[in-house]
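Hi there,

Here is the structure I promised to pass on to you. Have a look at it first, and then read on for what turned up in it.

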Amino acid sequence: MLSNNTRIGIIGAGAAGLSAALALRKKGYKNITLLEKEVYAGGKCHSFDYQGRNFELGAVVIPYCSRKTLNIISDLGLKVAPLTKDRAFFNSSGEQIELIGKLEQIQFFWQVFVKLPYLQFKYRKIFQPGFKNINDELIQSFEGFCKQNNLDLFEKFSNSVCAAYGYGYFDQVSTAYYLKFLKLPLVLAVITQTDFIFLEGSANVWKKIAEQFDVRYQQHINNIKRNETIEVETQTEVLELDKLILACPLDNALNFLDTALDEEELFSKIKYNKYWSFALIMENMPKKSIGYLPSNFSPDKQGHIMCWYRRYPDINLYNFYVIANNSQEEQDIEKIMIEDLNQIGATIKEKYVSAEWKYFPHVDILDIENKFYERLESLQGMNNTYFVGELLNFSYIEAVIEYSYDLVKRFF
Ligand SMILES: Cc1cc2nc3c(=O)[nH]c(=O)nc-3n(C[C@H](O)[C@H](O)[C@H](O)COP(=O)(O)OP(=O)(O)OC[C@H]3O[C@@H](n4cnc5c(N)ncnc54)[C@H](O)[C@@H]3O)c2cc1C
């Protein structure tokens with residue numbers, strides 16, 4: 001272990017940066033500084049108030065199997081509540097539909113309870129933290145993998161927690177990402193509807209943790225120079241560090257880091273989805289708190305509503321989730337949303353707030369084939385620099401925490 005006084009700087013005070021800070025403190029490190037560009041901690045765990053109650057603009061759901069996330073919440077004395085079971089699938093005219101037909105159900109359960117466990121056992125290495133050494137069969141698209149393994153109904157079901165949750169489309173993205181996310185306990189939680197939400201708001205968790213650390217907000221990093229020690233220059237100070245953890249989007253670091261050739265090449269390959277969350281005050285919505293529109297779960301329906309979520313049954317504020325294409329701006333999406341909502345018989349009374357998230361950092365299938373993750377992992381520790389966050393282990397809170405804990409265990 002390094003000296004307790006090792007000066008460790010973490011760029012980004014989201015779930016990844018703050019859970020790395022927690023793990024470092026647990027190991028006895030005392031000299032930890034976090035630099036955050038916003039005025040708040042939490043990143044994509046972002047809550048807001050309306051009529052004195054909290055709502056989410058980013059992360060909502062805690063799968064019941066998220067042991068690390070749930071431990072953090074309970075250590076802080078915060079609470080979770082069950083996610084509403086009042087959910088349904090709808091067609092584009094607002095009529096409730098079944099995603100998996102009655103006749104298909106036995107086949108669906110066969111795929112989930114027999115085939116999936118078998119495949120997850122066969123490819124169990126994928127559940128270790130990170131994406132190094134992915135089995136060749138998991139590099140292909142998830143669509144191809146499901147076809148190869150006769151998982152058509154599982155694929156149809158999974159779309160409601162993949163496309164709708166901003167993770168893109170099965171014909172374009174590597175199986176490695178989805179199979180890691182769709183581990184059996186998570187799938188069971190979706191089927192049995194036993195997930196949780198943050199009672200006091202997801203942002204509150206990270207705000208409370210940030211209060212325990214030296215987090216410096218509204219930091220604009222001008223440059224980072226890595227020699228014997230690491231010099232971080234912001235608009236207000238020059239910080240000298242021994243170790244640097246990048247917990248911000250790695251391509252953002254291209255703006256300030258003295259990148260080596262490898263870093264520059266790898267960081268430039270990262271792709272994102274333009275994932276929008278709109279909080280709207282609504283009238284005449286279908287009477288379900290969570291609604292999915294599976295007809296919009298495909299790339300040709302970008303800009304359309306994929307699902308909605310009503311947090312409180314007595315407040316007409318709904319969240320709507322949309323993946324946009326690169327040419328769609330907020331006003332274009334709003335236009336499409338109005339049409340979608342008209343079709344299901346609902347109307348927008350007022351737009352309350354919205355956010356565009358640079359979401360689901362991932363790389364192309366070809367880059368995975370070309371050992372992107374092996375190369376990225378081999379850079380961990382070079383120039384006293386480390387990387388954590390969604391890209392390294394998939395985009396949900398538990399995965400992000402898992403990777404940060406593992407990185408600290410491996411290197412500090
Ligand atoms: C709409 C939406 C819904 C979601 N729903 C769920 C859900 O239901 N369940 C779930 O588990 N997960 C969900 N997620 C995903 C989850 O929120 C993220 O995977 C997780 O919060 C990512 O944490 P992170 O720290 O890796 O990244 P981020 O949260 O993006 O944190 C990165 C931090 O770095 C900061 N930063 C960036 N650039 C710089 C810079 N130059 N200098 C300093 N700081 C910088 C950012 O401001 C931010 O605070 C959702 C996400 C979104 C957007």
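Before the ligand site, a word on classes: Ala, Val, Leu, Ile, Met, Phe, Trp, Tyr, Cys and Pro count as nonpolar, Asp, Glu, Lys and Arg as charged, and the others, Gly among them, as polar. Please keep in mind that this is a predicted model.

With those classes, the shell around the ligand is made up of 19 nonpolar, eleven polar and five charged residues. Which of the 35 residues around the ligand come nearest? They are G12, G14, A16, G43 and Y396. At least two residues of the shell come from each of α1 (15–26), β15 (271–283), β19 (347–362) and α14, and α1 gives the most, with three.

Now the domains. The domain assignment splits out domain 1 (8–48 + 202–270 + 363–411) and domain 2 (107–189). Their centres, taken over C-alpha atoms, are 28 Å apart. Where they meet, 14 residues of domain 1 are in contact with 15 residues of domain 2. On the domain 1 side, α11 (365–369), α12 (372–378), α13 (390–393) and α14 (397–411) each supply at least two of the touching residues. That side holds seven nonpolar, two polar and five charged residues.

The largest nonpolar core has 123 residues, and A20, M306 and V388 have the most contacts inside it. Both domains give residues to this core, so it lies between them. Leaving out residues up to four places away in sequence, A20 touches I10, I245, A247, V388, S404, L407 and V408.

Helix α14 deserves a closer look. Its 15 residues should span 21 Å at 1.5 Å a residue, and its end C-alpha atoms are 21 Å apart, which agrees. Among the buried residues of α14 are I397, Y403, L407 and V408. The cover over the buried residues of α14 includes α1, α2 (67–75), β20 (385–387) and α13.

Finally, two backbone angles to look up. Most residues other than glycine have a negative phi. Q218 is not a glycine, yet has a positive phi of about 50 degrees; Q218 sits in the loop between β10 (214–216) and β11 (221–226). F360, also not a glycine, has a positive phi near 55 degrees and is found in strand β19. Are these two buried or exposed? Q218 has 13 C-beta neighbours inside 10 Å, so Q218 counts as partly exposed. F360 has 22 inside 10 Å, so F360 counts as buried.

Happy exploring!

Key. Residues are numbered from 1 along each chain as its sequence is written. This is a predicted model: local features need pLDDT of at least 70, side-chain atom pairs count only at pLDDT 80 or more; totals for chains, interfaces and linings use all residues. Domain bounds come from an automatic or database domain assignment. Two residues are in contact if their C-beta atoms, placed from the backbone, lie within 7 Å. Helices (H or I, at least four residues) and strands (E, at least two) are DSSP runs, numbered from the N terminus. A nonpolar core is a set of buried Ala, Val, Leu, Ile, Met, Phe, Trp, Tyr and Cys residues joined through C-beta atoms within 7 Å. A residue is buried if 20 or more other C-beta atoms lie within 10 Å of its own, exposed if 12 or fewer, and partly exposed in between; C-beta atoms are placed from the backbone. A residue is near a molecule or strand if its C-beta atom, placed from the backbone, lies within 6 Å of it. The expected span of a helix is 1.5 Å times one less than its number of residues.
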